Amino acid sequence: MPIIAIGGGELKDQETLLLDQFIVKQTQKAQPRALFIPTASGDAPGYIEAFDQIYGLLLGCDTRALCLSRAPSPSAIADLIGWADLIYVGGGDTRSMMDQWRAHGLDRRLIEAEASGKVLCGLSAGAICWFDLGFSDSNRFDSRGDWAYTRVEGLGLLPGMLCPHLDSEQRALPLMQDLLANPVQTLALTDGAAVVVSDGQLSILEGKDRAAVYRITPATDGLNWGQLR
């Protein structure tokens, strides 16, 4: 089953609806069981409600949320992961999310979920998490003033680094500066764009006009930027 990483957009406003419809279809089930993991947002109730509205009422899934703030037991976490046909990870603070996942053993459960053939997906932090690294704004959440983008380690199911919100948060220049100092192969996604990785093959989804995905590779004279089609 594929991993689908979305560069950004508001779930509740149906800005990613075409991508969400694609995700649901990948389960090949009439009423898929969709698990939402909102750790990066602090298990925000409004975000959970939006997921229930879009994936539940609109797209016909049976939805549940895995909230680490409720201190679920290891067996409860395992049961929810095992129940799901698709697992959607929401956006927010990537570094805090990864720290909490490791503390609860959820990182290992998600790696096992990939091996068992579940559809894995997410937006922003929920896109970063599947890669080796993410170009993240997590410093924003800890700062009262100036802050800088940083690299955050993900689950390592996909190689390289992912940068979401390339356009809406104007990340291109800081990303280029980061990569010139420490080159690594990177995918950079605008809002409304997604990458789909299935059986080692990568394809592109465009959920709105002018959505784009760029592959950035180190070169002897700097960086090569190429838009993927």
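User: How does one read the pairing of two strands, and in which sense do strand S10 and S11 pair?

Analyst: Two strands count as paired if DSSP finds at least two bridges between them, and strands (E, at least two residues) and helices (H or I, at least four) are DSSP runs numbered from the N terminus. In this predicted model, local features need pLDDT of at least 70 and side-chain atom pairs count only at pLDDT 80 or more, while totals for chains, interfaces and linings use all residues. Residues are numbered from 1 along each chain as its sequence is written, and side-chain values use heavy atoms, with hydrogens and water left out. Here strand S10 (residues 193-198) pairs with S11 in the antiparallel sense over six bridges, and Val-197 stands opposite Leu-202 in S11.

User: In what order do the seven strands of the open sheet stand?

Analyst: The order is S3-S2-S4-S5-S1-S10-S11, with mixed pairing. Strand S3 (62-65) and strand S11 (201-206) are at the edges with a single partner strand each, so one side of each is left without a neighbour in the sheet. From one strand to the next, the twist averages 20 degrees.

User: Which helix packs on the sheet, and which strands are touched?

Analyst: Contact means heavy atoms within 4.5 Å, and axes are lines fitted to C-alpha atoms, for helices over the stretch in contact, with angles from 0 to 180 degrees between N-to-C directions. Helix H5 (residues 106-115) touches strand S1 (3-6), strand S2 (33-37), strand S4 (86-89) and strand S5 (119-123), and the direction of H5 makes about 125 degrees with that of S5.

User: What volume does the largest pocket have, and how is a pocket found?

Analyst: Rolling a probe the size of a water molecule over the atoms shows where empty space is left. On a 1 Å grid over the protein atoms alone, using a 1.4 Å probe, a pocket is an open set of points with protein on both sides within 12 Å along at least five of seven lines, and lining residues have an atom within 4 Å of a point. Grid points are joined across faces, edges and corners, and a volume is the space filled by probe spheres set on the points. The largest pocket has a volume of about 390 Å³, and of its 26 lining residues the closest to the centre are Glu-10, Tyr-47, Gly-91, Gly-92 and Leu-123. Helix H2 gives the largest share of this lining, three residues.

User: Which strand gives the most to the lining of the second largest pocket?

Analyst: Strand S8 does, with four residues, and this pocket has a volume of about 190 Å³. Val-197 and Leu-202 are among its lining residues.
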